[in-house]
Amino acid sequence: MNKRNVVLGLALTATLALTACSGGGGTSSNGGGGGGTGADPGDGGTLHVLQTADFSHLDPTMGFDGGVNNFYRLIYRTLTTQSTGEGAEGTEIVPDLATDLGTPSEDGLTWTFTLKDDIFFEDGSPITSADVKFGVERSFDPELAIGTPYARLTLAGADEYEGPYSDGDFASIETPDEKTIVFHLAKPYNDFSSVVGQNVFVPFPADGDVTATSVDQQPIASGPYRVESYTPGSELTLVRNEHWEKSSDDVRAAKPDSFVWTFGLDGATIDERMIAGQDDDVNAIAGSVQAASISRIQTPAIKDRTVSGVQGCTTYLGLNTTKQYTSNPLVRQAISYAIDKSAVQSATGGTLLADIATTMLPPTIAGQKEFDLYPSEDNAGDVEKATELLAEAGYPDGFPLVLDVRNQPKMQAQAEAVQQSLSKVGIDVSFNLIDTATYYEVIGTTSQQNDAAITGWCPDWSTGATFLPPLFDGRQIYEKGNSNIAQINDPAVNARIDEINAMTDLDEANAAWGDLDEQIAELAPTVPLLFEKAVMVVGENVAGAYSHAGFSGGIDYVSVGLENASE
Amino acid sequence: MVGYLARRLLSALGILLLISLFTYVIFFLLSPDPAVLICGKTCTPDRIDQIRGTLGLDQPFWVQFWDFLRGFFVGRTYGDGASAVSCPAPCLGFSFQTNRSVTEMIETRLPVSATVALGAAVLWLLAGVGAGLLSAVKQGTWWDRGAMMFALGGISLPNYFVALILQYVLVVQMQILPFPSAVPFGEDPVRWFQSYLMPWLVLAFGYAAVYARLVRANVLDTLGENFLRTARAKGLSGRLILRRHALRPSLTPVVTMFGMDFAGLLGGALITETVFGLNGVGKLAADSIAKNDQPVIMGVTLLAAFFVVIGNVIVDITYTFLDPRVRIATR
């Protein structure tokens, strides 16, 4: 679920399949239909994963994207984690190493967690509160601080602390005994239960010889598997961590005896192999198929082996509110009416690969509110209404608009669909093509941004708290690395963000984010386009595979297994 | 001869230095800020500055370049105190994306590229020179036309196309070969051969085509020379003329071309490796470009340049043995 912009981009491009993940428990039928995917996995066997790119990092303090987060759950545990299951069921936060979701103090500034019994590292030593504390402390080391930022954003005194290697003990985390850990926050944070499910809350032995760089080379497992061998860029093998106790873990089914990743495969070749399903590939899973392969997986036999689900992200058109034309809300509303979302959907690969979005918050977000402020028949755009608004804004003949486009087939197709719909209301869209590798950097640099850009956002966990503020908080507009690409700075929105963040009741806050989504939509700083989906073909012998919305729609690794382990 | 060699090596070194300067300028000054890319989501200006500091990007360009050069020849140490990391010579820095040593990344992938290059080279030399000779000797026959048709195909079909067709036919349809993967020779020689066979065939097809045409043209040219007319007039057999007198002058240009092509391939067969999912240097280059991972791009570029420059020197030296005229000139 969390991803850096870059990786977000990758996830949004069906061509670069993110990690396939395995999923859980065969609790429900999957998008593509039954077959082996829905059956319960048996114990044992080796599950193969075919993947285009290697994981960014084995050290959880550094890795931070849907694919690697999914993988981390096999070897690491955090205080809380996401549940298993399809859709919103899977993105719910549940206890992992902790016995419950934590207890906040009256003032909301202190959160206390108690660790479960029977939790061990791969060498058999018990995991204590000091180990959890050390794991969090490590993430403050400047060398490692490129992962999930939520410990830095929430804990008191985070600005002055640079990790255990230079600053020693971090006073904001207390460990009164081996089982209890207390966090002191800078200000109340109602959703701190989700924060402690982030990768930087993975424990590492406090009294061991773990250095800043050692974990990335040799991870220390707290989850059901440990790394047996790793050839960066080529292969990774996981085997069982004998010291992991099933009784202490309600989330991970962990059925296979081992996992083998093969990295560096061409996307088209992966599709070819998954469709062919020869030899070991009957026990294999992979990331989302390429749009070009969609037509080839329509045969009944392959459909039986297909799993699909939403990525939990939103693809949207950001309108730069600092530019001449798009600074006018009427113009932005006109654009919102004019865009033919069904054409954008077709350009993306059709209904199999994307649902149409009318809200910024995707349906997997707790508290998401359904609404459509700019409706049109069949989502094909309302030219009349848009023309009216443009006339009212003083541009009856339209105007030129420069759209930043990622130089990649799918995103270009989406841009062309936008271009065509806007040409119907006189808006003349020209493209500024940007290299795939630097796209998110360019549109995140305020001085280089043009009038509009097509991009996407995935939340760090499934509430509005990690979705709306980064995109719409006017006080978080940065010259570089900016995520509020609409550059909207609306006092009412800013104030509401603060109010919701200060709410102590999580359900109330979640519902409030849903309402805020609508409040923002009235200003039309962005046009939600699509909720893109992941579509994966799995091997014939794979069981319990489903798409987890918290991991970019990848197959939930901790739930998937083999139907027949001896095959 | 020693002086000639020294001069050649010195100029090669100069060229490599120039190339490294150019690549450094292109990748480090003209391309966007890698710190922002690493910073990613939920990024702040402070974080960007911090990352720039960690990567050494806050230093002036000349300092960065000098550190890079020094690192290559004598090694260097990154960071200080407890988190210091030493990078022994030849140090090419660390990947921005994975923090791994670029030198190590290249070392682990070079054997794959070398295997691809060697196997392909053997095939294309045999096929290219063979087909060229056959064509020349049997000029105008169906042998000639067939070989040249084949060559035309090799030159005009892009190798990614040939690769996908071959994979579809041999692996998916006929299931004669497995999907390629970089299996080490020691692990399973049969599987190793099967895995590399397709990349070899694909690469060799393209190169052999060029060689066949070159050899054919050269042999035909040489056969028309006066000294061969003389030889024929003296009554030497056609076979002897071909072997003794025609082949050697015809093949010397092939040596030049082979040296350059082979050296270029050692630096990675980018497309072939990517299509077949072989984790060689070419695949590394493709991946690092996609991620804007500058130190790795820099490393593979320099490696490729190194092979080409060195290949050039070796070709020149080989020439002095093959061609007496060059030998006189270099004295």
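**Exercise 1. Describe how α5(B) and α10(B) pack, starting from the handedness of their crossing.**

Step 1. The crossing of helices α5(B) and α10(B) is right-handed; a crossing has this hand if the near helix is turned clockwise from the far one by less than a right angle, and is left-handed if anticlockwise. Helices (H or I, at least four residues) and strands (E, at least two) are DSSP runs, numbered from the N terminus.

Before going on, a word on the model: it is predicted, so local features need pLDDT of at least 70 and side-chain atom pairs pLDDT 80 or more, while totals for chains, interfaces and linings use all residues. Residues are numbered from 1 along each chain as its sequence is written, and chains are lettered from A and ligands numbered from 1 in the order in which they are written.

Step 2. Next come angle and distance. The axes of α5(B), residues 102-137, and α10(B), residues 238-266, cross at roughly 150 degrees and come within 11 Å. Axes here are lines fitted to C-alpha atoms, for helices over the stretch in contact, with angles from 0 to 180 degrees between N-to-C directions.

Step 3. The pair is therefore roughly antiparallel, as angles over 145 degrees count as roughly antiparallel, under 35 as roughly parallel, 65 to 115 as roughly perpendicular and the rest as oblique.

Step 4. Now look at who touches. Among the contact residues are Ala117(B) and Leu125(B) of α5(B), and Phe258(B) and Phe262(B) of α10(B). Two residues are in contact if their C-beta atoms, placed from the backbone, lie within 7 Å.

Step 5. Sorted by class, this contact has 13 nonpolar residues, one polar and no charged. Ala, Val, Leu, Ile, Met, Phe, Trp, Tyr, Cys and Pro count as nonpolar, Asp, Glu, Lys and Arg as charged, and the others, Gly among them, as polar.

**Exercise 2. Do the same for α1(B) and α4(B).**

Step 1. Helix α1(B) (residues 2-29) and helix α4(B) (residues 61-74) pack at about 130 degrees, with axes 11 Å apart.

Step 2. The two are therefore oblique to each other, and α1(B) passes α4(B) in a right-handed crossing.

Step 3. From α1(B) come Leu21(B), Tyr24(B), Phe28(B) and Leu29(B), which meet Phe61(B), Gln64(B), Phe65(B) and Phe68(B) of α4(B). By class that is seven nonpolar residues, one polar and no charged.

**Exercise 3. Is α10(A) enclosed or not?**

Step 1. Eight of the ten residues of α10(A), 329-338, are buried, so the helix is largely enclosed by the rest of the structure. Buried means that 20 or more other C-beta atoms lie within 10 Å of a residue's own; exposed means 12 or fewer, partly exposed in between, with C-beta atoms placed from the backbone.

Step 2. Val331(A), Ile335(A) and Tyr337(A) are among the buried residues. The buried residues pack against β13, α12, α13 and β18 of chain A.

Step 3. For contrast, turn to α9(B), residues 226-233: none of its eight residues is buried. Just after α9(B), Gly235(B) takes a positive phi of about 95 degrees.

**Exercise 4. Which element of chain A gives the most residues to the side that touches chain B?**

Step 1. Start with the totals: 42 residues of chain A are in contact with 39 of chain B.

Step 2. Elements giving two or more residues to that side of chain A are α1, α5, α8 and α14. The answer is α8(A), with four residues.

Step 3. This side of chain A divides into 15 nonpolar, 16 polar and eleven charged residues.
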